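Student: I would like to understand how the words used to describe a structure are earned. Could we go through it together, asking each time what makes a word fit?

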Amino acid sequence: MTWIKRIGFFLLTNILIMTTISIVTTLLGSMGFSIRAFGLDLTRLIVFCLMWGMAGSFISLLISKMMAKWTMGVKVIDPKQASAHEMDVYRRVQSLAQRAHLPMPEVGIYDSPEVNAFATGPSKSNALVAVSTGLLNRMNTQELEGVLAHELSHVANGDMVTLTLIQGVVNSFAMFISRIIAYVASNAVKEEMAQLVRIVVTIALDIVFSILGSMAVAYFSRQREFRADAGGAKLAGRESMISALESLRQMVEMPEDPRGEAIASFKISSNKGGFLSLFATHPALEDRILALKQMR
């Protein structure tokens with residue numbers, strides 16, 4: 001499993017959106033209103049960075065479900081036209097949602113040999129839970145119940161909104177620091193080169209700091225995974241959760257999805273791997289199993 005497969009889809013979408021915002025606002029001269037004769041107007045710069053930093057993360061959140069369907073090729077289950085196999089998945093999600101006191105989310109299946117599932121969406125009342133055909137073919141009833149309970153716990157815990165707020169703060173901080181450095185760099189060159197240097201440095205650092213900032217968001221994501229495991233254990237039973245994770249751990253040689261890295265960020269497992277593990281949105285399966293076994 002390559003390193004990019006451990007980076008969350010939400011983080012990748014956010015980086016792309018922030019890069020676009022950075023290029024557009026910088027080229028349009030939006031930074032100019034923060035520059036005064038005696039230096040930077042820090043108050044206005046902070047307001048500007050907070051506004052666009054939070055906007056970038058909330059745009060990522062709002063389009064998350066639509067992008068998931070499009071990227072993964074998710075077929076949303078219609079109870080009126082569903083097959084017996086699809087209705088089994090739908091009813092399991094429906095039962096777990098009722099136990100968790102959640103509005104019924106959309107339920108989808110997508111064609112992939114990989115054992116995978118995910119939950120996304122901007123709110124508890126507008127969520128999507130999707131599973132791969134590989135997971136349905138290779139997991140038994142108890143394991144499937146554990147996976148679905150885990151995903152619904154993400155919805156119940158409001159994890160997408162929480163990560164959005166964290167990502168917004170990270171975006172704002174990244175934009176603020178990059179513009180401070182760009183301003184200093186532009187003052188270090190000749191006046192006729194200052195604007196070009198400011199534009200180039202701002203865009204470059206916005207991208208770099210967005211990528212580095214995703215490590216902080218990934219850390220919080222890993223903590224939320226432990227919480228979702230605990231929530232899944234309460235909904236489906238601890239043995240179901242442990243059984244699901246044990247099954248995943250045994251599937252070391254999972255079939256690779258032919259769509260490759262374009263959909264890699266939805267993977268539910270993650271391995272330890274040095275520096276790049278800092279970008280992992282999921283803890284190692286061994287750590288998750290141990291946490292569940294130690295849970296009171």
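Student: Which residue of β6 is the bridge partner of Thr120?

Tutor: In this predicted model, the partner of Thr120 in β6 is Leu128.

Student: What makes β5 and β6 count as paired strands?

Tutor: Two strands pair if at least two bridges are found between them, and β5 and β6 have 5 bridges, running in the antiparallel sense, so the requirement is met. The connection between β5 and β6 is a hairpin of 2 residues.

Student: How do you know that β3 and β4 pair as well, and in which sense?

Tutor: Strand β3, residues 75-76, shares 2 bridges with β4 in the antiparallel sense, and since at least two are needed, β3 and β4 count as paired. In these bridges Lys75 has Ile109 as its partner in β4, while Val76 stands opposite Gly108.

Student: What is the sense of the pairing between β4 and β6?

Tutor: β4 and β6, the latter covering residues 126-132, pair in the parallel sense over 5 bridges. Glu106 has Leu128 as its bridge partner in β6, and Gly108 has Ala130 there.

Student: Why are β3 and β5 said to stand at the edges?

Tutor: The open sheet has 4 strands in the order β3-β4-β6-β5, with mixed pairing. β3 and β5 (117-123) each have a single partner strand, so one side of each is left without a neighbour in the sheet.

Student: Why is β4 described as largely enclosed by the rest of the structure?

Tutor: A residue is called buried when its relative accessible area is under 20%. In β4, residues 106-110, 4 of the 5 residues are buried, so the strand is largely enclosed by the rest of the structure. The description also fits β6, because 6 of its 7 residues are buried.

Student: What makes Arg224 buried?

Tutor: Arg224, found in helix α8, has a relative accessibility of 15%, and the limit is under 20%, so Arg224 counts as buried.

Student: How do you know that the side chains of Arg224 and Asp159 make a polar contact?

Tutor: The distance given for the polar contact between these side chains is 2.5 Å, and a polar contact calls for N or O atoms within 3.5 Å, so the value for Arg224 and Asp159 meets the distance limit. Leaving aside residues up to four places away in sequence, Arg224 touches His154, Asn157, Asp159 and Thr162.

Student: Why are the buried residues of helix α3 said to be on the same side?

Tutor: In α3, residues 64-72, the buried residues are Ser64, Lys65, Ala68, Thr71 and Met72. They cover an arc of only 140° around the axis, which puts them on the same side of α3. The face turned away from that buried side carries the exposed residues Met66 and Trp70. After α3 comes Gly73, whose phi is positive, near 70°.

Student: Which residues touch the most other members of the largest nonpolar core?

Tutor: That core has 38 residues, and those with the most contacts to other members are Val89, Val131, Leu135, Leu136, Met139, Leu148 and Leu245. Apart from it lies another core, of 9 residues, including Met18 and Leu40.

Student: How many aromatic pairs are there in the whole structure?

Tutor: A search of the whole structure finds 2 aromatic pairs. One of them is formed by Tyr110 and Phe118, with 5.9 Å from centre to centre and 40° between the planes. Planes under 30 degrees apart count as stacked and over 60 as edge-to-face, so the pair at 40° is tilted. Both Tyr110 and Phe118 are buried.

Student: Why is the pair of Tyr219 and Phe220 called edge-to-face?

Tutor: The ring centres of Tyr219 and Phe220 are 5.6 Å apart and their planes stand at 75°, and angles over 60 count as edge-to-face, so the name applies to this pair.

Student: What makes Tyr219 and Phe220 partly exposed?

Tutor: Partly exposed lies between the buried limit of under 20% and the exposed limit of over 50%. Tyr219 has a relative accessible area of 42% and Phe220 is at 38%, so both are partly exposed.

How values were computed:
Residues are numbered from 1 along each chain as its sequence is written. This is a predicted model: local features need pLDDT of at least 70, side-chain atom pairs count only at pLDDT 80 or more; totals for chains, interfaces and linings use all residues. Side-chain values use heavy atoms; hydrogens and water are left out. Buried means under 20% relative accessible area, exposed over 50%, partly exposed in between (1.4 Å probe, protein chains only). A polar contact is a pair of N or O atoms within 3.5 Å; within protein, one must be able to donate a hydrogen and the other to accept it, and residues adjacent in sequence count only if both atoms are side-chain atoms. Contact means heavy atoms within 4.5 Å. The arc is that of the directions from the helix axis to the C-beta atoms. A nonpolar core is a set of buried Ala, Val, Leu, Ile, Met, Phe, Trp, Tyr and Cys residues joined through side-chain atoms within 4.5 Å. Rings of Phe, Tyr and Trp (its six-membered ring) pair if their centres lie within 6.5 Å; planes under 30 degrees apart count as stacked, over 60 as edge-to-face and the rest as tilted.
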